[in-house]
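Work through the following exercises with the sequence and the coordinates open side by side. Each task is followed by a solution that proceeds step by step.

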Amino acid sequence: MALRLEELAKTIDHLLCQSDPTPGDVIRLCDESCEHHFAAVRVGPQYVRVAAERLRGCDVKVAALVAGRDRKAKAELAEHCVAAGAAEIEIGLDTEAMLAGAFRDRFYVELQRPYERGDVRRNAALRELAE
């Protein structure tokens, strides 16, 4: 069974492939996403509030990409993004540690703990990305 265009659009996360986007770039991304009814816009933490405000009343979610090596900083940044309006948090996992056999420990520290504390579970979906 083929997907209808509307169904396909709801599977797409729209993102900027620029290293240093401006607020205007984020607004344009949001407008395009709203027009096509994409699933989400993926933005850096510094633009979550801009995207959330622009998408208010639209059926598109804000997904924040949280990356880096410091686990505590990533957890705090994820909480900040949820408070700013992110409906999804994408956390970059430490691929080197996972390949070295530390997946279970890294998974717990970087993904499970925020759920256990309740900050992410109540407010946002959490996805992991290999860095």
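The exercises below concern a predicted model, and they go from the overall fold to single residues.

**Exercise 1. Describe the chain by its elements, its burial and its contacts.**

Step 1. Begin with the secondary structure: the chain contains 6 helices and 5 strands, and read from the N terminus these elements follow the order α-β-α-β-α-β-α-β-α-α-β.

Step 2. Turn to burial, for which the cut-off is under 20% relative accessible area; of the 131 residues of the chain, 38% count as buried.

Step 3. Consider how far contacts reach along the sequence: among the contacts with a separation of 6 or more, 56% are made by residues 24 or more positions apart.

**Exercise 2. Determine which cysteines are bonded, and give the handedness of the bond.**

Step 1. Recall what is being sought: a disulfide is a covalent bond between the sulfur atoms of two cysteines.

Step 2. Apply the cut-off of 2.5 Å between sulfur atoms; the structure holds 1 disulfide, and the partners are Cys 34 and Cys 58, with an S to S distance of 2.2 Å.

Step 3. Place the partners in the fold: Cys 34 belongs to helix 2 (residues 23-36), while Cys 58 sits in the loop between helix 3 (48-54) and strand 3 (61-66), so the bond ties together parts that are 24 residues apart in sequence.

Step 4. Read the torsion about the S-S bond, which is about 125 degrees, so the disulfide of Cys 34 and Cys 58 is right-handed.

Step 5. Examine other cysteines. The closest cysteine sulfur to that of Cys 30 is in Cys 58, and because the distance is 8.6 Å, it is too far for a bond.

Step 6. Add the accessibilities: Cys 34 is partly exposed at 29% relative accessible area, whereas Cys 30 is buried at 1% and Cys 81 is buried at 0%.

**Exercise 3. Identify the largest nonpolar core and the elements that build it.**

Step 1. Find its extent and its best-connected members: the largest nonpolar core has 23 residues, and Val 41, Val 43, Val 48, Val 62 and Ile 89 have the most contacts inside it.

Step 2. Assign the contributions: at least two residues of this core come from each of helix 2, strand 2 (40-43), helix 3, strand 3, helix 4 (71-84) and strand 4 (88-93).

Step 3. Name the main contributor, which is helix 4, with 4 residues of this core.

**Exercise 4. Characterise the largest pocket.**

Step 1. State the volume: the largest pocket holds about 210 Å³ of space.

Step 2. List the lining: 13 residues line this pocket, and those closest to its centre are Leu 16, Pro 21, Arg 42, Val 43 and Gly 44.

Step 3. Classify the lining residues, which divide into 7 nonpolar, 4 polar and 2 charged.

**Exercise 5. Compare the surroundings of two buried residues of helix 2, Leu 29 and Ser 33.**

Step 1. Take Leu 29, which lies in helix 2 and has a relative accessibility of 1%, so that it counts as buried.

Step 2. Trace its contacts beyond four places in sequence: Leu 29 is in contact with His 14, Leu 15, Leu 16, Val 41, Arg 42 and Val 43. Leu 29 and Arg 42 are 13 residues apart in sequence, and their C-alpha atoms are 9.2 Å apart.

Step 3. Take Ser 33, also placed in helix 2, which is buried at a relative accessible area of 0%. With residues up to four places away left out, Ser 33 touches His 14, Phe 38, Val 41 and Val 60.

**Exercise 6. Relate Ala 9 to the segment it touches, and note the backbone of His 37.**

Step 1. Locate Ala 9 in helix 1 (residues 5-9), where it is buried with a relative accessible area of 8%.

Step 2. Identify its partners: not counting residues up to four places away in sequence, Ala 9 touches His 36, His 37, Phe 38 and Ala 39. The C-alpha atoms of Ala 9 and Ala 39 are separated by 6.7 Å, although these residues are 30 residues apart along the chain.

Step 3. Look at one of those partners, His 37, which occupies the loop between helix 2 and strand 2 and counts as partly exposed at 40% relative accessibility. Its phi is positive, about 60 degrees, although His 37 is not a glycine.

Note on methods. Residues are numbered from 1 along each chain as its sequence is written. This is a predicted model: local features need pLDDT of at least 70, side-chain atom pairs count only at pLDDT 80 or more; totals for chains, interfaces and linings use all residues. Side-chain values use heavy atoms; hydrogens and water are left out. Buried means under 20% relative accessible area, exposed over 50%, partly exposed in between (1.4 Å probe, protein chains only). On a 1 Å grid over the protein atoms alone, a cavity is a set of points where a 1.4 Å probe fits but cannot get out, and a pocket is an open set with protein on both sides within 12 Å along at least five of seven lines; lining residues have an atom within 4 Å of a point. Grid points are joined across faces, edges and corners, and a volume is the space filled by probe spheres set on the points. Ala, Val, Leu, Ile, Met, Phe, Trp, Tyr, Cys and Pro count as nonpolar, Asp, Glu, Lys and Arg as charged, and the others, Gly among them, as polar. Contact means heavy atoms within 4.5 Å.
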